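This report describes the fold of one protein chain for a reader who has not met it before. The account moves from the overall composition to individual strands, helices and one residue.

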Amino acid sequence: MIINKYFVFSLVVIAYAFSIVHSANLFAQTQSHELGHERPAVPPVTSPESEGSRKVSQFKFKPLNFVPPKVDRIVMENGMILYLLEDHNLPIFNMVARIRTGAIYEPPEKAGLANLTGYVMRSGGTPSMRADKMNEELEFMAASVETSIDRESGNATLSVLKKDIDKGLKIFADVLMHPAFPEDKIQMRKDEVVEIIRRENDNPSQIANREFRKIIYDSRHPYSRRVEGSLESIEKITREDMIAFHKKYFHSNNIILGISGDFNREEIIKKLNEVFAGWKKEDIQFPEVPKVERHFERSVYNIYKDINQANVMMGHLGIHRRSPDYFPVTIMNFILGGGSFNARILSRIRSDEGLAYSAFSVFQTSQDLGMFFVSCQTKLESTNRAISIALEELDKMRNTPVGDEELAQAKETFMNQFIFKFVTSANIVGQKVDIEYEGLPLNYLETYLDNVKSVTRDDIQRVAKKYLHPDEIKILVVGDKERFDKPLNNFGKVNLIELK
(Lines give C-alpha, C1' and ligand atoms only; values in the text may rest on other atoms or scores of the structure.)
Protein backbone atom coordinates (compact mmCIF):
# COMPACT_ATOMS: atom_id res chain seq x y z
CA MET A 1 0.00 0.00 0.00
CA ILE A 2 1.30 3.46 -0.89
CA ILE A 3 1.04 4.78 2.64
CA ASN A 4 3.38 2.04 3.87
CA LYS A 5 6.01 3.04 1.33
CA TYR A 6 6.30 6.44 2.91
CA PHE A 7 5.57 5.66 6.56
CA VAL A 8 9.20 6.08 7.55
CA PHE A 9 9.28 9.47 5.89
CA SER A 10 6.17 10.50 7.84
CA LEU A 11 8.02 9.75 11.07
CA VAL A 12 10.82 11.99 9.89
CA VAL A 13 8.35 14.81 9.27
CA ILE A 14 6.94 14.42 12.80
CA ALA A 15 10.44 14.49 14.23
CA TYR A 16 11.12 17.66 12.28
CA ALA A 17 7.98 19.25 13.70
CA PHE A 18 9.22 18.60 17.24
CA SER A 19 12.57 20.11 16.40
CA ILE A 20 11.12 23.47 15.28
CA VAL A 21 8.76 23.91 18.23
CA HIS A 22 11.57 25.35 20.36
CA SER A 23 11.91 28.39 18.12
CA ALA A 24 8.20 29.32 18.29
CA ASN A 25 8.29 31.48 21.41
CA LEU A 26 11.46 33.20 20.30
CA PHE A 27 9.88 34.09 16.94
CA ALA A 28 6.75 35.47 18.58
CA GLN A 29 8.80 37.56 21.04
CA THR A 30 10.96 39.03 18.30
CA GLN A 31 7.97 39.99 16.17
CA SER A 32 6.21 41.65 19.11
CA HIS A 33 9.18 43.90 19.95
CA GLU A 34 9.64 44.90 16.32
CA LEU A 35 6.08 46.22 16.36
CA GLY A 36 6.57 48.12 19.58
CA HIS A 37 4.26 46.06 21.80
CA GLU A 38 5.47 44.80 25.15
CA ARG A 39 4.84 41.26 26.34
CA PRO A 40 5.93 39.25 29.36
CA ALA A 41 9.55 38.24 29.17
CA VAL A 42 10.14 34.72 27.88
CA PRO A 43 13.40 32.98 28.78
CA PRO A 44 15.50 32.47 25.66
CA VAL A 45 15.43 28.96 24.27
CA THR A 46 19.01 27.75 24.27
CA SER A 47 18.72 23.96 24.22
CA PRO A 48 16.04 21.25 24.39
CA GLU A 49 14.89 20.59 27.95
CA SER A 50 13.44 17.08 27.73
CA GLU A 51 15.29 13.87 26.92
CA GLY A 52 13.08 13.24 23.90
CA SER A 53 13.64 16.76 22.58
CA ARG A 54 17.39 16.44 22.97
CA LYS A 55 17.38 13.24 20.93
CA VAL A 56 15.19 14.74 18.22
CA SER A 57 17.43 17.83 18.01
CA GLN A 58 20.38 15.59 17.19
CA PHE A 59 18.69 13.96 14.19
CA LYS A 60 20.31 14.64 10.85
CA PHE A 61 18.22 14.40 7.69
CA LYS A 62 19.17 14.12 4.07
CA PRO A 63 17.66 16.74 1.75
CA LEU A 64 14.22 15.77 0.53
CA ASN A 65 14.50 14.19 -2.91
CA PHE A 66 11.14 12.61 -3.59
CA VAL A 67 9.90 11.64 -7.04
CA PRO A 68 6.09 11.32 -7.34
CA PRO A 69 4.74 7.95 -8.53
CA LYS A 70 4.17 7.77 -12.28
CA VAL A 71 0.56 8.06 -13.37
CA ASP A 72 -0.48 7.01 -16.88
CA ARG A 73 -2.31 9.62 -18.98
CA ILE A 74 -4.47 8.46 -21.88
CA VAL A 75 -6.77 10.35 -24.25
CA MET A 76 -9.54 8.05 -25.51
CA GLU A 77 -11.08 8.22 -28.97
CA ASN A 78 -14.19 9.89 -27.55
CA GLY A 79 -12.03 12.69 -26.08
CA MET A 80 -12.20 11.52 -22.49
CA ILE A 81 -8.92 12.03 -20.61
CA LEU A 82 -7.86 9.27 -18.22
CA TYR A 83 -5.33 9.19 -15.40
CA LEU A 84 -4.61 5.66 -14.18
CA LEU A 85 -2.61 4.35 -11.23
CA GLU A 86 -2.78 0.70 -10.26
CA ASP A 87 -2.50 -0.17 -6.55
CA HIS A 88 -3.12 -3.84 -5.74
CA ASN A 89 -2.59 -3.73 -1.99
CA LEU A 90 -6.33 -3.57 -1.25
CA PRO A 91 -9.26 -4.86 -3.35
CA ILE A 92 -10.71 -1.36 -3.77
CA PHE A 93 -11.44 0.59 -6.93
CA ASN A 94 -11.86 4.38 -6.98
CA MET A 95 -12.79 6.81 -9.70
CA VAL A 96 -13.07 10.60 -9.69
CA ALA A 97 -14.40 12.73 -12.53
CA ARG A 98 -14.12 16.45 -13.24
CA ILE A 99 -16.51 18.00 -15.73
CA ARG A 100 -15.97 21.49 -17.12
CA THR A 101 -19.13 23.22 -16.03
CA GLY A 102 -20.23 25.18 -12.98
CA ALA A 103 -22.43 27.91 -11.55
CA ILE A 104 -20.42 30.50 -13.49
CA TYR A 105 -22.27 29.36 -16.63
CA GLU A 106 -25.84 29.53 -15.32
CA PRO A 107 -28.22 32.46 -16.02
CA PRO A 108 -28.18 34.92 -13.07
CA GLU A 109 -31.97 34.86 -12.83
CA LYS A 110 -31.74 31.09 -12.25
CA ALA A 111 -28.83 31.05 -9.83
CA GLY A 112 -28.58 27.64 -8.18
CA LEU A 113 -29.36 25.74 -11.40
CA ALA A 114 -25.92 24.11 -11.64
CA ASN A 115 -25.83 23.11 -7.99
CA LEU A 116 -29.35 21.70 -8.13
CA THR A 117 -28.57 19.78 -11.32
CA GLY A 118 -25.44 18.24 -9.79
CA TYR A 119 -27.33 17.07 -6.72
CA VAL A 120 -30.40 15.57 -8.42
CA MET A 121 -28.28 13.78 -11.03
CA ARG A 122 -27.53 11.27 -8.30
CA SER A 123 -30.47 11.61 -5.92
CA GLY A 124 -32.99 11.27 -8.78
CA GLY A 125 -31.66 8.04 -10.28
CA THR A 126 -31.87 7.21 -13.99
CA PRO A 127 -34.59 5.93 -16.36
CA SER A 128 -33.15 2.43 -16.08
CA MET A 129 -32.72 2.48 -12.28
CA ARG A 130 -34.90 4.45 -9.89
CA ALA A 131 -33.20 6.24 -7.05
CA ASP A 132 -34.37 3.86 -4.30
CA LYS A 133 -33.24 0.83 -6.32
CA MET A 134 -29.86 2.49 -6.98
CA ASN A 135 -29.42 3.19 -3.28
CA GLU A 136 -30.17 -0.46 -2.45
CA GLU A 137 -27.73 -1.76 -5.06
CA LEU A 138 -24.91 0.50 -3.88
CA GLU A 139 -25.56 -0.22 -0.22
CA PHE A 140 -25.52 -3.98 -0.87
CA MET A 141 -22.12 -3.64 -2.56
CA ALA A 142 -20.79 -1.26 0.14
CA ALA A 143 -20.19 1.14 -2.75
CA SER A 144 -20.89 4.81 -3.36
CA VAL A 145 -21.62 7.05 -6.33
CA GLU A 146 -21.84 10.80 -5.73
CA THR A 147 -22.24 13.84 -7.97
CA SER A 148 -22.09 17.60 -7.47
CA ILE A 149 -21.58 20.86 -9.35
CA ASP A 150 -19.93 23.78 -7.60
CA ARG A 151 -18.90 27.25 -8.73
CA GLU A 152 -16.38 26.26 -11.40
CA SER A 153 -16.57 22.51 -11.96
CA GLY A 154 -18.69 19.40 -11.89
CA ASN A 155 -17.60 16.37 -9.86
CA ALA A 156 -18.49 12.69 -9.66
CA THR A 157 -16.99 9.84 -7.66
CA LEU A 158 -17.21 6.06 -7.55
CA SER A 159 -15.88 3.80 -4.81
CA VAL A 160 -16.45 0.06 -5.06
CA LEU A 161 -14.82 -3.26 -4.23
CA LYS A 162 -12.83 -4.90 -7.00
CA LYS A 163 -15.31 -7.75 -7.35
CA ASP A 164 -18.11 -5.27 -8.11
CA ILE A 165 -16.29 -3.04 -10.60
CA ASP A 166 -18.59 -3.96 -13.47
CA LYS A 167 -21.76 -3.13 -11.54
CA GLY A 168 -20.27 0.04 -10.09
CA LEU A 169 -19.06 1.31 -13.47
CA LYS A 170 -22.46 0.66 -15.03
CA ILE A 171 -24.25 2.74 -12.39
CA PHE A 172 -21.59 5.48 -12.49
CA ALA A 173 -21.79 5.84 -16.28
CA ASP A 174 -25.59 5.71 -16.23
CA VAL A 175 -25.76 8.57 -13.71
CA LEU A 176 -23.34 10.72 -15.72
CA MET A 177 -25.02 10.14 -19.08
CA HIS A 178 -28.72 9.55 -18.31
CA PRO A 179 -29.99 11.24 -15.12
CA ALA A 180 -33.78 11.11 -14.86
CA PHE A 181 -34.46 14.33 -12.93
CA PRO A 182 -37.84 13.23 -11.51
CA GLU A 183 -40.06 16.10 -10.36
CA ASP A 184 -40.48 14.76 -6.81
CA LYS A 185 -36.73 14.61 -6.22
CA ILE A 186 -36.27 18.08 -7.71
CA GLN A 187 -38.90 19.53 -5.38
CA MET A 188 -37.44 17.69 -2.40
CA ARG A 189 -34.01 19.20 -3.04
CA LYS A 190 -35.50 22.65 -3.68
CA ASP A 191 -37.20 22.52 -0.28
CA GLU A 192 -33.91 21.55 1.38
CA VAL A 193 -32.03 24.39 -0.31
CA VAL A 194 -34.70 26.92 0.60
CA GLU A 195 -34.44 25.86 4.24
CA ILE A 196 -30.64 26.12 4.11
CA ILE A 197 -30.90 29.67 2.74
CA ARG A 198 -33.51 30.69 5.30
CA ARG A 199 -31.36 29.48 8.18
CA GLU A 200 -28.18 31.11 6.90
CA ASN A 201 -28.79 34.32 8.85
CA ASP A 202 -28.65 32.33 12.09
CA ASN A 203 -24.94 31.72 11.55
CA PRO A 204 -22.67 34.83 11.76
CA SER A 205 -19.83 33.10 9.88
CA GLN A 206 -22.11 32.20 6.99
CA ILE A 207 -23.42 35.76 6.91
CA ALA A 208 -19.88 37.13 6.76
CA ASN A 209 -18.79 34.77 3.97
CA ARG A 210 -21.89 35.44 1.87
CA GLU A 211 -21.83 39.22 2.21
CA PHE A 212 -18.06 39.55 1.85
CA ARG A 213 -18.21 37.87 -1.55
CA LYS A 214 -20.83 40.42 -2.60
CA ILE A 215 -18.57 43.23 -1.43
CA ILE A 216 -15.49 41.96 -3.27
CA TYR A 217 -17.12 41.17 -6.62
CA ASP A 218 -19.39 43.22 -8.83
CA SER A 219 -23.02 42.13 -8.50
CA ARG A 220 -23.10 41.24 -12.21
CA HIS A 221 -20.28 38.73 -11.85
CA PRO A 222 -21.16 35.08 -11.02
CA TYR A 223 -18.43 35.05 -8.33
CA SER A 224 -20.63 37.38 -6.28
CA ARG A 225 -23.52 34.94 -6.12
CA ARG A 226 -24.30 32.15 -3.71
CA VAL A 227 -23.79 28.78 -5.45
CA GLU A 228 -27.06 27.51 -3.97
CA GLY A 229 -28.94 30.44 -5.47
CA SER A 230 -31.55 32.63 -3.78
CA LEU A 231 -35.11 32.09 -2.64
CA GLU A 232 -36.34 33.86 -5.77
CA SER A 233 -34.07 32.11 -8.28
CA ILE A 234 -34.63 28.59 -6.91
CA GLU A 235 -38.35 28.95 -7.49
CA LYS A 236 -37.80 29.77 -11.17
CA ILE A 237 -35.73 26.66 -11.98
CA THR A 238 -37.64 23.98 -13.91
CA ARG A 239 -36.94 20.36 -14.75
CA GLU A 240 -36.46 21.41 -18.39
CA ASP A 241 -33.75 23.86 -17.28
CA MET A 242 -31.88 21.06 -15.51
CA ILE A 243 -32.16 18.68 -18.45
CA ALA A 244 -30.83 21.38 -20.79
CA PHE A 245 -27.97 22.29 -18.47
CA HIS A 246 -26.90 18.65 -18.19
CA LYS A 247 -27.22 18.10 -21.93
CA LYS A 248 -25.03 21.13 -22.69
CA TYR A 249 -22.01 20.17 -20.58
CA PHE A 250 -21.97 16.43 -19.97
CA HIS A 251 -20.11 14.97 -22.93
CA SER A 252 -17.17 12.60 -23.21
CA ASN A 253 -14.74 15.26 -24.43
CA ASN A 254 -15.59 17.48 -21.44
CA ILE A 255 -14.61 15.06 -18.71
CA ILE A 256 -11.39 13.99 -16.99
CA LEU A 257 -11.36 10.65 -15.15
CA GLY A 258 -8.92 9.68 -12.42
CA ILE A 259 -8.81 5.93 -11.81
CA SER A 260 -6.96 4.28 -8.94
CA GLY A 261 -6.88 1.06 -6.97
CA ASP A 262 -7.03 -2.63 -7.75
CA PHE A 263 -7.54 -2.93 -11.51
CA ASN A 264 -5.77 -3.94 -14.70
CA ARG A 265 -5.02 -1.09 -17.09
CA GLU A 266 -6.01 -2.80 -20.33
CA GLU A 267 -9.13 -4.36 -18.81
CA ILE A 268 -10.41 -1.11 -17.33
CA ILE A 269 -9.96 0.79 -20.59
CA LYS A 270 -12.01 -1.89 -22.33
CA LYS A 271 -14.72 -1.65 -19.66
CA LEU A 272 -14.84 2.14 -19.96
CA ASN A 273 -15.29 1.90 -23.71
CA GLU A 274 -18.22 -0.43 -23.09
CA VAL A 275 -20.06 1.53 -20.39
CA PHE A 276 -19.55 4.88 -22.14
CA ALA A 277 -20.37 3.55 -25.61
CA GLY A 278 -22.57 6.04 -27.41
CA TRP A 279 -21.25 9.03 -25.47
CA LYS A 280 -20.06 11.18 -28.34
CA LYS A 281 -17.87 14.25 -28.65
CA GLU A 282 -19.74 17.54 -28.86
CA ASP A 283 -18.66 21.07 -29.66
CA ILE A 284 -19.56 22.89 -26.44
CA GLN A 285 -20.15 26.64 -26.60
CA PHE A 286 -19.34 27.93 -23.14
CA PRO A 287 -21.08 31.18 -22.17
CA GLU A 288 -18.74 34.13 -21.84
CA VAL A 289 -17.91 34.88 -18.21
CA PRO A 290 -17.05 38.55 -17.57
CA LYS A 291 -13.51 39.26 -16.43
CA VAL A 292 -13.04 40.30 -12.82
CA GLU A 293 -12.09 43.96 -12.81
CA ARG A 294 -8.97 44.61 -10.77
CA HIS A 295 -10.14 47.42 -8.51
CA PHE A 296 -9.10 48.35 -4.97
CA GLU A 297 -10.79 50.85 -2.68
CA ARG A 298 -10.96 51.11 1.11
CA SER A 299 -14.47 50.52 2.42
CA VAL A 300 -15.97 49.47 5.75
CA TYR A 301 -19.18 47.54 6.35
CA ASN A 302 -21.15 46.53 9.42
CA ILE A 303 -23.98 44.03 9.74
CA TYR A 304 -25.84 44.28 13.03
CA LYS A 305 -26.37 41.05 14.90
CA ASP A 306 -26.93 40.67 18.63
CA ILE A 307 -24.05 38.30 19.40
CA ASN A 308 -21.17 38.25 21.89
CA GLN A 309 -18.42 37.99 19.28
CA ALA A 310 -17.60 40.06 16.24
CA ASN A 311 -17.02 38.13 13.01
CA VAL A 312 -14.39 39.99 11.00
CA MET A 313 -13.47 39.50 7.34
CA MET A 314 -11.16 41.92 5.58
CA GLY A 315 -9.47 41.71 2.23
CA HIS A 316 -9.57 42.37 -1.49
CA LEU A 317 -8.96 40.67 -4.82
CA GLY A 318 -6.07 38.21 -4.98
CA ILE A 319 -4.64 35.97 -7.70
CA HIS A 320 -5.83 33.27 -10.06
CA ARG A 321 -4.64 29.68 -9.86
CA ARG A 322 -2.27 29.91 -12.83
CA SER A 323 -0.53 33.05 -11.59
CA PRO A 324 3.27 32.88 -12.10
CA ASP A 325 3.52 34.27 -8.56
CA TYR A 326 1.53 31.41 -7.04
CA PHE A 327 4.42 29.86 -5.11
CA PRO A 328 5.91 33.07 -3.64
CA VAL A 329 2.40 34.26 -2.74
CA THR A 330 1.66 30.94 -1.06
CA ILE A 331 4.87 31.02 1.01
CA MET A 332 4.31 34.70 1.84
CA ASN A 333 0.79 33.98 3.06
CA PHE A 334 2.00 30.99 5.06
CA ILE A 335 4.27 33.34 7.00
CA LEU A 336 1.58 36.01 7.25
CA GLY A 337 -1.41 34.01 8.44
CA GLY A 338 -1.86 30.77 6.56
CA GLY A 339 0.58 28.60 8.47
CA SER A 340 0.86 27.15 11.95
CA PHE A 341 0.77 28.88 15.33
CA ASN A 342 3.93 30.71 14.24
CA ALA A 343 2.01 32.61 11.54
CA ARG A 344 2.29 36.30 12.25
CA ILE A 345 -1.39 37.25 12.40
CA LEU A 346 -2.32 34.33 14.65
CA SER A 347 0.75 34.85 16.82
CA ARG A 348 -0.14 38.50 17.40
CA ILE A 349 -3.90 38.24 17.76
CA ARG A 350 -4.08 34.97 19.68
CA SER A 351 -0.76 34.29 21.39
CA ASP A 352 0.40 37.82 22.19
CA GLU A 353 -2.88 39.54 23.02
CA GLY A 354 -5.40 36.75 23.55
CA LEU A 355 -8.04 38.40 21.37
CA ALA A 356 -9.20 35.36 19.39
CA TYR A 357 -8.91 31.60 19.35
CA SER A 358 -8.39 31.58 15.59
CA ALA A 359 -7.18 34.18 13.12
CA PHE A 360 -5.86 33.42 9.66
CA SER A 361 -5.31 34.72 6.14
CA VAL A 362 -6.12 33.03 2.83
CA PHE A 363 -5.42 33.52 -0.85
CA GLN A 364 -8.43 31.75 -2.35
CA THR A 365 -7.67 31.03 -6.00
CA SER A 366 -10.10 30.65 -8.89
CA GLN A 367 -10.02 30.54 -12.68
CA ASP A 368 -10.13 34.33 -12.56
CA LEU A 369 -8.96 36.55 -9.69
CA GLY A 370 -9.80 34.97 -6.35
CA MET A 371 -10.00 36.61 -2.94
CA PHE A 372 -7.42 37.44 -0.33
CA PHE A 373 -8.87 37.82 3.14
CA VAL A 374 -8.08 37.80 6.84
CA SER A 375 -10.69 36.31 9.13
CA CYS A 376 -11.12 36.15 12.89
CA GLN A 377 -13.74 36.06 15.62
CA THR A 378 -13.07 38.23 18.63
CA LYS A 379 -14.84 39.77 21.62
CA LEU A 380 -16.94 42.77 20.66
CA GLU A 381 -14.79 44.85 23.00
CA SER A 382 -11.60 44.01 21.06
CA THR A 383 -12.91 44.30 17.50
CA ASN A 384 -11.04 47.48 16.60
CA ARG A 385 -7.82 46.20 18.15
CA ALA A 386 -7.93 42.90 16.22
CA ILE A 387 -8.49 44.72 12.92
CA SER A 388 -5.65 47.15 13.68
CA ILE A 389 -3.22 44.30 14.40
CA ALA A 390 -4.09 42.54 11.13
CA LEU A 391 -3.54 45.77 9.20
CA GLU A 392 -0.20 46.29 10.95
CA GLU A 393 0.92 42.81 9.94
CA LEU A 394 -0.08 43.37 6.32
CA ASP A 395 1.87 46.62 6.30
CA LYS A 396 4.88 44.97 7.93
CA MET A 397 4.87 42.17 5.38
CA ARG A 398 4.93 44.73 2.58
CA ASN A 399 7.65 46.95 3.98
CA THR A 400 9.98 44.76 6.04
CA PRO A 401 11.87 41.84 4.44
CA VAL A 402 11.25 38.48 6.09
CA GLY A 403 14.12 36.96 8.03
CA ASP A 404 16.21 34.17 6.57
CA GLU A 405 15.22 31.77 9.34
CA GLU A 406 11.51 32.56 9.06
CA LEU A 407 11.56 31.99 5.30
CA ALA A 408 13.63 28.81 5.64
CA GLN A 409 11.16 27.42 8.17
CA ALA A 410 8.18 28.16 5.92
CA LYS A 411 9.83 26.53 2.90
CA GLU A 412 10.94 23.50 4.92
CA THR A 413 7.40 23.02 6.20
CA PHE A 414 5.99 23.13 2.68
CA MET A 415 8.55 20.69 1.35
CA ASN A 416 8.02 18.28 4.23
CA GLN A 417 4.25 18.44 3.77
CA PHE A 418 4.71 17.52 0.11
CA ILE A 419 4.93 13.80 0.94
CA PHE A 420 1.41 13.81 2.32
CA LYS A 421 0.07 14.57 -1.15
CA PHE A 422 0.91 10.94 -1.97
CA VAL A 423 -0.56 9.00 0.94
CA THR A 424 -2.92 6.98 -1.27
CA SER A 425 -3.20 6.23 -4.96
CA ALA A 426 -6.56 8.07 -4.96
CA ASN A 427 -4.84 11.22 -3.61
CA ILE A 428 -2.24 11.09 -6.36
CA VAL A 429 -4.69 10.54 -9.20
CA GLY A 430 -7.03 13.20 -7.84
CA GLN A 431 -4.21 15.73 -7.96
CA LYS A 432 -3.39 14.81 -11.54
CA VAL A 433 -7.03 15.36 -12.50
CA ASP A 434 -7.05 18.75 -10.76
CA ILE A 435 -3.81 19.81 -12.48
CA GLU A 436 -5.22 18.92 -15.90
CA TYR A 437 -8.50 20.66 -15.14
CA GLU A 438 -6.85 23.86 -13.91
CA GLY A 439 -4.63 24.06 -16.99
CA LEU A 440 -1.42 23.77 -14.99
CA PRO A 441 1.76 22.23 -16.45
CA LEU A 442 1.45 18.45 -16.52
CA ASN A 443 4.79 18.19 -14.69
CA TYR A 444 3.48 20.38 -11.86
CA LEU A 445 4.09 17.79 -9.12
CA GLU A 446 7.53 16.91 -10.46
CA THR A 447 8.61 20.58 -10.28
CA TYR A 448 6.78 21.43 -7.03
CA LEU A 449 9.81 21.19 -4.73
CA ASP A 450 12.02 23.24 -7.05
CA ASN A 451 9.34 25.93 -7.20
CA VAL A 452 9.23 26.11 -3.41
CA LYS A 453 13.01 26.08 -3.03
CA SER A 454 13.43 28.91 -5.52
CA VAL A 455 11.35 31.42 -3.50
CA THR A 456 13.61 34.16 -2.11
CA ARG A 457 13.28 36.97 0.41
CA ASP A 458 13.08 39.43 -2.48
CA ASP A 459 10.26 37.38 -4.01
CA ILE A 460 8.32 37.53 -0.74
CA GLN A 461 8.58 41.30 -0.45
CA ARG A 462 7.87 41.79 -4.15
CA VAL A 463 4.61 39.82 -4.07
CA ALA A 464 3.64 41.35 -0.72
CA LYS A 465 3.88 44.83 -2.25
CA LYS A 466 2.04 43.67 -5.36
CA TYR A 467 -0.79 41.68 -3.80
CA LEU A 468 -1.34 43.12 -0.29
CA HIS A 469 -3.16 46.46 -0.13
CA PRO A 470 -3.90 47.37 3.52
CA ASP A 471 -4.68 50.98 2.54
CA GLU A 472 -7.28 49.83 0.00
CA ILE A 473 -8.84 46.97 1.91
CA LYS A 474 -12.48 46.12 2.44
CA ILE A 475 -13.49 45.45 6.05
CA LEU A 476 -16.68 43.65 7.06
CA VAL A 477 -17.74 43.12 10.67
CA VAL A 478 -20.82 41.19 11.81
CA GLY A 479 -21.78 42.29 15.32
CA ASP A 480 -23.18 45.12 17.46
CA LYS A 481 -21.09 48.21 16.64
CA GLU A 482 -22.31 49.96 19.79
CA ARG A 483 -20.25 47.51 21.86
CA PHE A 484 -17.00 47.71 19.88
CA ASP A 485 -13.92 49.07 21.67
CA LYS A 486 -13.68 51.93 19.17
CA PRO A 487 -15.94 53.07 16.33
CA LEU A 488 -15.41 51.34 13.01
CA ASN A 489 -15.24 54.73 11.31
CA ASN A 490 -11.61 54.83 12.48
CA PHE A 491 -11.03 52.76 9.34
CA GLY A 492 -13.35 54.70 7.02
CA LYS A 493 -16.95 55.57 6.42
CA VAL A 494 -19.15 52.75 7.68
CA ASN A 495 -21.75 51.27 5.33
CA LEU A 496 -24.59 49.42 7.06
CA ILE A 497 -25.87 46.21 5.49
CA GLU A 498 -29.36 45.07 6.46
CA LEU A 499 -30.01 41.35 6.78
CA LYS A 500 -32.86 40.09 4.59
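The secondary structure of this protein, which is a predicted model, comprises 19 helices and 12 strands. The chain has 500 residues, of which 53% count as buried. About 24,300 Å² of the protein is exposed, and carbon and sulfur atoms supply 52% of that area. Among the contacts with a separation of 6 or more, 82% are made by residues 24 or more positions apart.

**Paired strands**

The table lists several strand pairs, with the direction of pairing and the number of bridges.

| Strand pair | Sense | Bridges |
|---|---|---|
| Strand 1 (residues 72–75) and strand 2 | antiparallel | 4 bridges |
| Strand 2 and strand 6 (residues 255–261) | parallel | 6 bridges |
| Strand 4 and strand 5 (residues 154–161) | antiparallel | 6 bridges |
| Strand 7 (residues 299–303) and strand 11 (residues 474–478) | parallel | 5 bridges |

Strand 2 (residues 81–86) is largely enclosed by the rest of the structure, because 5 of its 6 residues are buried. Strand 2 has pairing partners in strand 1 and in strand 6. Towards strand 1, I81 of strand 2 is the bridge partner of V75. Towards strand 6, L84 stands opposite I259. The hairpin of strand 1 and strand 2 has 5 residues between the strands, and within this hairpin G79 adopts a positive phi near 90°.

Another hairpin leads from strand 4 to strand 5 through 4 residues. Here V145 has L158 of strand 5 as its bridge partner. In a regular strand, side chains alternate between the two faces of the sheet. Strand 4 (residues 144–149) has a covered face formed by V145, T147 and I149, while S144, E146 and S148 make up the uncovered face. V145 thus appears both on the covered face of strand 4 and in the bridge to L158.

**The open sheet**

An open sheet of 6 strands follows the order 9-10-8-11-7-12, and its pairing is mixed. Its edges are strand 9 (359–364) and strand 12 (494–496), each of which pairs on one side only. From one strand to the next, the twist averages 20°. Within this order, strand 11 and strand 7 stand next to each other, and the two pair in the parallel sense. Y301 has L476 of strand 11 as its bridge partner.

**A pair of packed helices**

Two packed helices are described by the angle between their axes and the distance between the axes. The axes of helix 7 (residues 165–177) and helix 12 (residues 265–275) come within 10 Å and cross at roughly 40°. Helix 7 is therefore oblique to helix 12. Their crossing is right-handed. On the side of helix 7, the contact is made by I165, D166, L169, K170, A173 and M177; helix 12 contributes I268, K271, L272 and V275.

**A lysine in helix 15**

Is K396 buried or exposed? K396 belongs to helix 15, which spans residues 383–399. With a relative accessible area of 9%, K396 is buried, because the cut-off for a buried residue is under 20%. K396 and L336 are 60 residues apart in sequence, and their C-alpha atoms are 9.6 Å apart in space.

Key. Residues numbered from 1 in each chain as written. Predicted model: local features only at pLDDT ≥ 70, side-chain atom pairs only at ≥ 80, totals over all residues. Heavy atoms only, no water. Buried < 20%, exposed > 50% of the residue type's maximum accessible area, 1.4 Å probe, protein only. Contact = heavy atoms within 4.5 Å. Areas by Shrake-Rupley, 256 points an atom, 1.4 Å probe, with all protein chains shown as cover. Pairing = 2+ DSSP bridges. Axes fitted to C-alpha atoms, helices over the stretch in contact; angles between N-to-C directions. Parallel < 35°, antiparallel > 145°, perpendicular 65-115°, else oblique. Left-handed = near helix turned anticlockwise from the far one by under 90°.
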